[in-house]
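Subject: Structure for you to look at

Hello,

Here is the structure I said I would pass on. Please open it beside this email and follow along.

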Amino acid sequence: MATNQEEVQLLGVVGSPFVCRVQIALKLKGVEYKFLEENLANKSDLLLKYNPVHKKVPVFVHNEKPIAESLVIVEYIDQTWNNNPILPSDPYQRALARFWSKFIDDKVVGAASKSVFTVDEKEREKNVQETLEGLQFLENEIKEKKFFGGEEIGLADIAGSFVAFWIPIVQEIAGLQLFTSEKFPNLYKWSQEFINHPVVKEVLPPREPLFTFFKARYETLTASK
Amino acid sequence: MADEVVLLDFRPSPFGMRVRIALAEKGIKYEYREEDLKNKSPLLLQMNPVHKKIPVLIHEGKPICESLIAVQYIDEVWNDTNPLLPSDPYQRAQARFWADYVDKKIYDNFSKISASKGEEKEAAKKELIQVLKLLEEELGDKSYFGGHNFGFVDIPVVSYYPWFKALETFDSLNVGECSKFTAWAKRCLQKESVAKSIPDQRVINELFVELRKNSSTE
């Protein structure tokens, strides 16, 4: 049980949806940690040492032992600190939580990003369709539930922070109507519950700077057409 | 117990093989149902409406989709024998990390090799060998990725083995360059769970040729 702040570190950047997942998990568990901000254009020796395979953030370090990949980290945190469980105890429910988390990562995150940050019109359209299909599956799954995890947020909700917070930002920048309350009423309701959840609210990065950052990236990309 | 566990599968699939191995490791009796992927059964479409893919593990009427999720499920439910994941949370995290790495890097490179020609193809082949070399580094002096015991990382890697053999045969992929990998694979193939789950190499080779032909006429 880590009580010393030195023992728990998180290498990350403000604004990364993947880093945010880990921060939500840590906040839920009440774990204190040191946040080591990376400059992705000039990665630290520490990052390269701790994640030589992918050289990416987030990297979670516990007692000097590093773990990479956001959902792997979240499961580790859940197993190490037992309060406020993120995964259910029933194996079948766990399998479902993992399924939907993987679905979000494989089918929604990439497609949604490429719906915005792609210059080729055909490629962009293909990704828009894929995103809409993905969101529809999530809409069908959430139904009337408060969270994917039930009454409290779980693994799939944490994975879905990208959908709840990041998609609305990037779609606004590109003038796209991907994730709307009209198209996906249940999922939209979920997203509002999620971003207003007391723990999540404290962890989400400020919207304005993030918007500015993505807008700049979008304008650079589209100017190069 | 036998009718409680059903596996919807396709013998040549490396993903189906992962679940077969896990079930065999635990000594679980189950009903095996071969799917015709060109004519998917109503049961498959009902049990995996999201992806419509195999493998699907059905336990007490409830479906578990995605091969590594099914393997973890099997490990958690039949937890009294042959653990597939380590009990230590850090070791578990490492196992999950490497299984994720295998999922990300091997299949994509297989696809790249199939879809490309000339320089691009050679580059993809080189990348795949680099992946194997990194896995060899991770294996180190251990008998298995899991240490003394065959486990969660060994399963997906060995399930790709027949496809590595096919690439060796048809695309001159120099798997032999990776002697540690080859030795590890031989060790895995001696395990009963792997030997009875692995599809016939001739079937894989035939399928490989057919898939290659179809993709080149597109």
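At what angle do helix 1 and helix 3 of chain A pack, and how far apart are their axes? Before the answer, please note that this is a predicted model. Helix 1 of chain A covers residues 17-29 and helix 3 of chain A covers residues 70-80; the angle between them is about 10 degrees, and their axes are 9 Å apart. Angles under 35 degrees count as roughly parallel, and therefore helix 1 and helix 3 of chain A are roughly parallel to each other.

You can find the contact between these two helices by its side chains. From helix 1 of chain A come A:Phe18, A:Arg21, A:Val22, A:Ala25, A:Leu26 and A:Lys29. They meet A:Ser70, A:Leu71, A:Ile73, A:Val74, A:Ile77 and A:Asp78 in helix 3 of chain A. Sorted by kind, the residues of this contact are eight nonpolar, three charged and one polar.

Next, the sheet in chain A. Four strands make up an open sheet in which the strand order is 2-1-3-4 and the pairing is mixed. Strand 2 (34-37) and strand 4 (65-68) of chain A are the edge strands, and each of them pairs on one side only. From one strand to the next, the twist averages 20 degrees. Within this sheet, strand 1 (residues 8-12) and strand 3 (residues 59-62) of chain A are paired antiparallel, with four bridges between them. To see one bridge in detail, start at A:Leu10 and look across to its partner in strand 3 of chain A, A:Phe60.

Now chain B. Here too there is an open sheet of four strands with mixed pairing, and the order is 2-1-3-4. Which strands of chain B stand at the edges? They are strand 2 (31-34) and strand 4 (62-65); each has a single partner strand, so one side of each has no neighbour in the sheet. The twist in the chain B sheet averages 20 degrees from one strand to the next. Strand 1 (residues 5-9) and strand 3 (residues 56-59) of chain B run antiparallel and are joined by four bridges. In this pair, B:Leu7 stands opposite B:Leu57 of strand 3.

One item comes from a record. An unreviewed UniProt entry lists residues 88-207 of chain B as "domain: GST C-terminal". In the model, that span is 73% helix and 0% strand. The C-alpha atoms at the two ends of residues 88-207 of chain B lie 40 Å apart.

Regards

Methods. Residues numbered from 1 in each chain as written. Chains lettered and ligands numbered in written order. Predicted model: local features only at pLDDT ≥ 70, side-chain atom pairs only at ≥ 80, totals over all residues. Heavy atoms only, no water. Axes fitted to C-alpha atoms, helices over the stretch in contact; angles between N-to-C directions. Parallel < 35°, antiparallel > 145°, perpendicular 65-115°, else oblique. Contact = heavy atoms within 4.5 Å. Nonpolar A, V, L, I, M, F, W, Y, C, P; charged D, E, K, R; others polar. Pairing = 2+ DSSP bridges. UniProt positions renumbered as here; feature names shortened; annotations may be inferred.
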